[in-house]
Amino acid sequence: MPTRSTLWPCPPQDAPLPRGFGCDDCPRSRDQLESGSARKVGPTPSESPMTVRRVLVVDDDDAIREVAQMALEIVGGWQVSSAASGTEALRRAHNERPDAVLLDVMMPGMDGPTTFSRLRELSKTSAIPVIFLTAKVQAGDRRAWADLDIAGVIAKPFDPMALAAEVAELLGWT
Amino acid sequence: MPGINTPPPAEPTSVRERALAAFRGISAKAAASNLERLARLDEAVSAASEGRLDPSGYDSAAGVAHTLAGSAGTFGYPDATGPARELEGLFSSGVLPVGQLPRAHELVQGIRVVLSAAPDEDDS
């Protein structure tokens, strides 16, 4: 069974392939994959659909949550769920066991660092890598997180088209 | 009849086109939210100038400015981020001295001008 790209249906034959597009079922992109000029954005032949990366996006801002989810799904090809609060994030992370969490820092109620600490306390979520997504850019703010075992920080404002690549780089996802 | 046989617009096919199409829809909602946030900041500056902004009001205004800084820049208004951050700093201090009020007003007006323009769209 050929592995379908998450971009199915494939681009028309006369349309340029998106940069990095790769699909085992497409002769043109197979050539790019073999030459190393393309990177798969969907499951590789060795992966089943069940191993597609799953990410939980946590942000109290509806639009940020939506655009991050959209960017990670369309550009990253990942399965993405979202939460609007730290409390909801704990519940979803516990139930869904995502491969990573993208976590806003400033949220009403339970903020990002507190949510992170709670994730670390729970056995089912303690090993999930967490990336802070934040508009806090001052060195003092970053120093406050120095002792936290987070995977990285992505600053707001962010480029939605580049978000998936930034997340993948921080997590070592190829 | 003009247009009756006009084919419908082509569906976006590339990843980038699909993402940009989705992004535009979300951006419209964000624009409305950010204008509301700016209105709240304007009210907070007025309240501070009249001595009726309490500590929770300062905290709330700082939070709104913080959210605006991140959101405006993400949705095509990078020139609003710096002023919003500066407003966040002013409100985070817990007090707006009289000498800082003109600056706060200026920042709000500056952000209003930025948000009233079309968003930056990077189609490269």
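The residues that line the largest cavity of this predicted model divide into three nonpolar, four polar and five charged. That cavity has a volume of about 60 Å³, and the count of cavities of 30 Å³ or more comes to one. Its lining draws on both chains: from chain A come A:D59, A:D60, A:D61, A:I64, A:D104, A:M106, A:A135 and A:K156, and from chain B come B:H66, B:T67, B:G70 and B:S71. Among the elements that contribute, helix 2 of chain B gives the most to this lining, with four residues.

The second largest pocket has a volume of about 310 Å³ and is lined by 14 residues, of which A:M106, A:M107, A:P108, B:G63 and B:T67 lie nearest its centre. Here too helix 2 of chain B gives the most to the lining, with four residues, while helix 1 (15–49) and helix 2 (55–74) of chain B each supply at least two. By class, this lining has six nonpolar, three polar and five charged residues. A:M106 and B:T67, which lie among the residues nearest the centre of the pocket, also line the largest cavity.

The table sets out the two spaces by volume and by the class of their lining residues.

| Space | Volume | Nonpolar | Polar | Charged |
|---|---|---|---|---|
| Largest cavity | about 60 Å³ | three residues | four residues | five residues |
| Second largest pocket | about 310 Å³ | six residues | three residues | five residues |

Two helix contacts involve helix 2 of chain A. Within the chain, the axes of helix 2 (residues 62–74) and helix 6 (residues 160–171) of chain A come within 8 Å and cross at roughly 65°, and these two helices of chain A are therefore roughly perpendicular to each other. The crossing of helix 2 of chain A and helix 6 of chain A is right-handed. In this contact A:V67, A:A68, A:A71 and A:L72 of helix 2 meet A:P160, A:L163, A:A164 and A:V167 of helix 6, a set with eight nonpolar, no polar and no charged residues.

Between the chains, the axes of helix 2 of chain A and helix 1 of chain B come within 10 Å and cross at roughly 175°, which makes the two helices roughly antiparallel. On the side of chain A the contact is made by A:A63, A:E66, A:V67, A:M70 and A:I74, and on the side of chain B by B:V15, B:R18, B:A19, B:A22, B:F23, B:I26, B:K29 and B:A30. By class, this contact has ten nonpolar, no polar and three charged residues. A:V67 takes part in the contact with helix 6 of chain A and also in the contact with helix 1 of chain B.

Note on methods: Residues are numbered from 1 along each chain as its sequence is written. Chains are lettered from A and ligands numbered from 1 in the order in which they are written. This is a predicted model: local features need pLDDT of at least 70, side-chain atom pairs count only at pLDDT 80 or more; totals for chains, interfaces and linings use all residues. Side-chain values use heavy atoms; hydrogens and water are left out. On a 1 Å grid over the protein atoms alone, a cavity is a set of points where a 1.4 Å probe fits but cannot get out, and a pocket is an open set with protein on both sides within 12 Å along at least five of seven lines; lining residues have an atom within 4 Å of a point. Grid points are joined across faces, edges and corners, and a volume is the space filled by probe spheres set on the points. Ala, Val, Leu, Ile, Met, Phe, Trp, Tyr, Cys and Pro count as nonpolar, Asp, Glu, Lys and Arg as charged, and the others, Gly among them, as polar. Axes are lines fitted to C-alpha atoms, for helices over the stretch in contact, and angles run from 0 to 180 degrees between N-to-C directions. Angles under 35 degrees count as roughly parallel, over 145 as roughly antiparallel, 65 to 115 as roughly perpendicular and the rest as oblique. A crossing is left-handed if the near helix is turned anticlockwise from the far one by less than a right angle, and right-handed if clockwise. Contact means heavy atoms within 4.5 Å.
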